[in-house]
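The report below works through one protein chain, from single residues with unusual backbone geometry to the arrangement of strands and helices. Please keep the coordinates at hand while reading.

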Amino acid sequence: MLMLWRHLQAARRKDNNNNRRGHVAVMLPQTVEEAGRWTLGSWPQRCERNRAEPELLSLSRRCREGGEQARAGTESCQARMFSQSSVVCECNATHCDSVGRVSLPAVGRYLSFLSSEAGSRLHREQGQVQRNSTGTALRITLVPQQKYQHIKGFGGAMTDSAAINILSLSAGAQDQLLRQYFSPEGIEYNVVRVPMASCDFSTRLYTYADSPGDYGLLNFSLAEEDTHMKIPLLHRAQALSARPLSLFASAWTAPSWLKTNGALIGKGSLKGQPGDKEYKTWAQYYIRFLEEYEKHNISFWGLTTGNEPTAGELTNYSFQALGFIPEQQRDWIAMDLGPALHSSRYAKTRLMILDDQRLLLPYWAKVVLSDIHAARYVHGIGLHWYWDNIAPAKITLGTTHDLYPEYFLFGTEACSGWMGFDRGVQLGSWKRAEDYASDIIEDLNNYVTGWTDWNLALDPGGGPNWAKNFVDSTIIVDHSRDVFYKQPTFYSMAHFSKFLWEGSQRVGVSTSGRSVLESSAFLRPDGSAVLIVLNRSDAEVPFEVWDQTVGFLPSSAPPHSILTLLWNRS
């Protein structure tokens with residue numbers, strides 16, 4: 001679309017000259033945004049009007065090709081282009097593109113799904129498995145005897161802000177949005193993160209126990225944000241899903257009266273020491289949260305020990321936080337939280353430590369998991385992606401897995417637009433889609449079992465956010481038009497969430513030589529195989545996949561693309 005826009009810009013200059021010579025004017029969009037509003041279905045008709053001038057026939061042809069290329073991505077995508085390198089797909093109450101249900105192809109055939117900077121969005125094709133090699137220089141070989149971790153799943157967070165944005169749409173558009181994430185026709189998220197009380201993506205500061213001195217939590221109660229927004233939306237999401245959703249909860253802060261700084265924000269930790277009444281009350285806060293949600297028929301697969309515990313150790317931290325050093329977290333788990341969960345009816349709820357940057361590994365894990373009194377209550381380690389570029393995966397994730405293979409690694413938060421020089425929403429940014437896919441592939445190739453995006457939906461300003469910590473989201477809601485935009489990152493997530501079912505197992509791959517492609521392979525519970533390939537280069541990369549069980553799969557990764565291959569092995 002952007003390349004087409006450049007052609008149109010050049011043509012407009014020629015058109016202006018034609019007008020001065022008295023020639024018929026050519027109908028062209030005046031801005032990139034207007035070009036984006038030329039919906040895919042309207043390109044052929046609008047292009048046809050440009051055939052009056054013979055010298056513009058080549059422009060008309062390029063115009064048609066641009067529309068056809070965009071339509072090929074997903075036939076029903078209402079493509080809109082803003083100021084970025086690729087398109088978003090606009091959805092409303094009556095229309096939204098969808099990958100649809102995916103049936104396993106017959107043995108001897110395979111399916112490919114392509115998303116690209118050029119405009120493809122989960123574009124589906126079917127290919128024939130070959131008996132002999134195609135002779136392509138690059139071969140990716142499936143090594144099924146090399147078996148690694150099993151997949152838990154993929155999803156996003158139902159924050160207050162996400163709920164506000166979803167509910168700002170009409171009822172039909174709300175259902176459309178939820179269907180895109182959770183239904184069998186959509187991308188089939190199976191994981192949802194739920195903040196316990198407020199976070200920065202709220203419109204106000206609150207906890208569930210704001211009455212000072214209430215150590216018995218007699219006044220503990222959920223907020224309207226829970227009962228009127230998040231809980232109803234979670235029920236609707238579950239109703240759309242073909243399988244049970246796995247929810248996990250994270251708390252940002254304890255009530256201010258339990259904290260050393262007497263405030264919900266900034267640098268502060270719990271008063272006293274592990275084992276004291278403040279720590280025990282904070283542990284019981286978790287139990288009460290689970291109890292209250294259970295009254296609304298919502299149960300949780302997991303809990304984290306608290307969002308980004310290192311944030312609460314930072315002076316003047318700008319939003320909700322509760323500081324822990326790993327030794328405090330270890331002792332709180334061993335003396336308070338672990339026993340509280342174990343003696344409740346939530347003993348099987350998965351407890352994840354850290355819930356912070358992977359650069360803290362393996363140190364944080366060593367401190368907590370080397371203590372048998374804490375380790376016996378722990379199931380996994382939660383990871384945020386924000387400083388992954390300075391924390392090599394093999395040194396952090398790989399080492400931690402080697403030391404503690406019985407504890408799962410799980411991505412609990414990620415978003416784009418959080419850095420000061422690259423802030424906020426960018427409608428149509430393909431680079432951010434590639435960043436997502438690359439990080440997920442790297443994580444999966446280093447024993448991570450799932451990956452959770454941050455807010456399920458934000459507004460065009462990247463909020464609401466009471467602390468003005470505006471970021472990007474996979475879906476952006478424009479309630480003034482009753483539409484939402486599916487970002488390139490939405491499709492990046494889809495290449496994993498749609499095809500890597502819970503229980504899928506990563507297996508080995510080998511390549512015949514050096515390659516710019518990034519990839520990861522899996523065997524699903526139904527016996528099929530999935531290969532996900534990312535090409536961040538400017539060149540198309542032909543390759544073939546060799547699965548000795550079925551044969552050779554000829555394929556090619558276009559420039560700046562994400563490709564998922566699915567085939568039956570039996």
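Where is the place of Leu 122? In this predicted model, Leu 122 is placed in the loop between S3 and strand S4, the latter spanning residues 123–128.

**Backbone geometry**

Most residues other than glycine have a negative phi, and most peptide bonds are trans. Against that background, Leu 122 has a positive phi near 50° although the residue is not glycine, and at 7% relative accessibility Leu 122 counts as buried. Asp 355, likewise not a glycine, has a positive phi of about 55°; this residue belongs to strand S10, and it counts as buried because its relative accessibility is 0%, where the cut-off for burial is under 20%.

Two cis peptide bonds can be described alongside these residues. One joins Leu 361 and Pro 362, with omega at about 5°, and Pro 362 lies in the loop between S10 and H10. Another joins Gly 463 and Pro 464, again with omega at about 5°, and Pro 464 has its place in the loop between S13 and strand S14, which covers residues 475–478.

The table gathers the backbone angles.

| Site | Angle | Location |
|---|---|---|
| Leu 122 | phi near 50° | loop between S3 and S4 |
| Asp 355 | phi about 55° | strand S10 |
| Leu 361 and Pro 362 | omega about 5° | Pro 362 in the loop between S10 and H10 |
| Gly 463 and Pro 464 | omega about 5° | Pro 464 in the loop between S13 and S14 |

**The barrel and its helices**

Strand S10, which holds Asp 355, is also part of a closed barrel of 8 strands that runs S6-S7-S8-S9-S10-S11-S12-S13 with parallel pairing. From one strand to the next, the twist averages 25°. Within this barrel, strand S10 (residues 350–357) and strand S11 (residues 380–384) run parallel and are joined by 5 bridges, and Asp 356 has Leu 383 as its bridge partner in S11.

Helix H9 (residues 326–342) packs on the sheet, where it touches strand S9 (302–304) and S10, and the direction of H9 makes about 150° with that of S10. Helix H12 (residues 393–403) also packs on the sheet, in this case touching S11, strand S12 (408–413) and strand S13 (448–455), and the direction of H12 makes about 145° with that of S12.

The loop between S10 and helix H10 (363–369) also contains Leu 359. Which residues make a nonpolar surface patch together with Leu 359? They are Trp 387 and Ile 390, and the patch comes to about 290 Å². Leu 359 itself is partly exposed, with a relative accessible area of 39%.

**Strand S21 and its neighbours**

Strand S21 (residues 561–567) is mostly covered, with 7 of its 7 residues buried. In a regular strand the side chains alternate between the two faces of the sheet. In S21, Ser 561, Leu 563, Leu 565 and Trp 567 point one way while Ile 562, Thr 564 and Leu 566 point the other way, and all of them are buried.

Which way do S3 and S21 run, parallel or antiparallel? They run antiparallel and are joined by 7 bridges, and Leu 111 stands opposite Leu 566 in S21. Strand S18 (residues 529–535) is likewise joined to S21 by 7 bridges in an antiparallel arrangement, with Ile 532 opposite Thr 564 in S21.

Ser 112 offers a view of this region from strand S3 (residues 109–116). Leaving aside residues up to four places away in sequence, Ser 112 touches Leu 563, Thr 564 and Leu 565, as well as His 123, Arg 124 and Glu 125. Its relative accessible area is 12%, so Ser 112 is buried.

**The chain as a whole**

The secondary structure of the chain comes to 14 helices and 21 strands, and of its 570 residues 61% count as buried. Among contacts with a separation of 6 or more, residues 24 or more positions apart account for 73%. The chain exposes about 21,500 Å², of which carbon and sulfur atoms supply 51%.

Technical notes
Residues numbered from 1 in each chain as written. Predicted model: local features only at pLDDT ≥ 70, side-chain atom pairs only at ≥ 80, totals over all residues. Heavy atoms only, no water. Pairing = 2+ DSSP bridges. Helix = DSSP H or I, 4+ residues; strand = E, 2+ residues; numbered from the N terminus. Axes fitted to C-alpha atoms, helices over the stretch in contact; angles between N-to-C directions. Contact = heavy atoms within 4.5 Å. Patch = residues over 30% accessible without salt bridge, like charges linked within 9 Å, V, L, I, M, F, W, Y side chains within 5 Å. Areas by Shrake-Rupley, 256 points an atom, 1.4 Å probe, with all protein chains shown as cover. Salt bridge = Lys/Arg side-chain N within 4 Å of Asp/Glu carboxyl O. Buried < 20%, exposed > 50% of the residue type's maximum accessible area, 1.4 Å probe, protein only.
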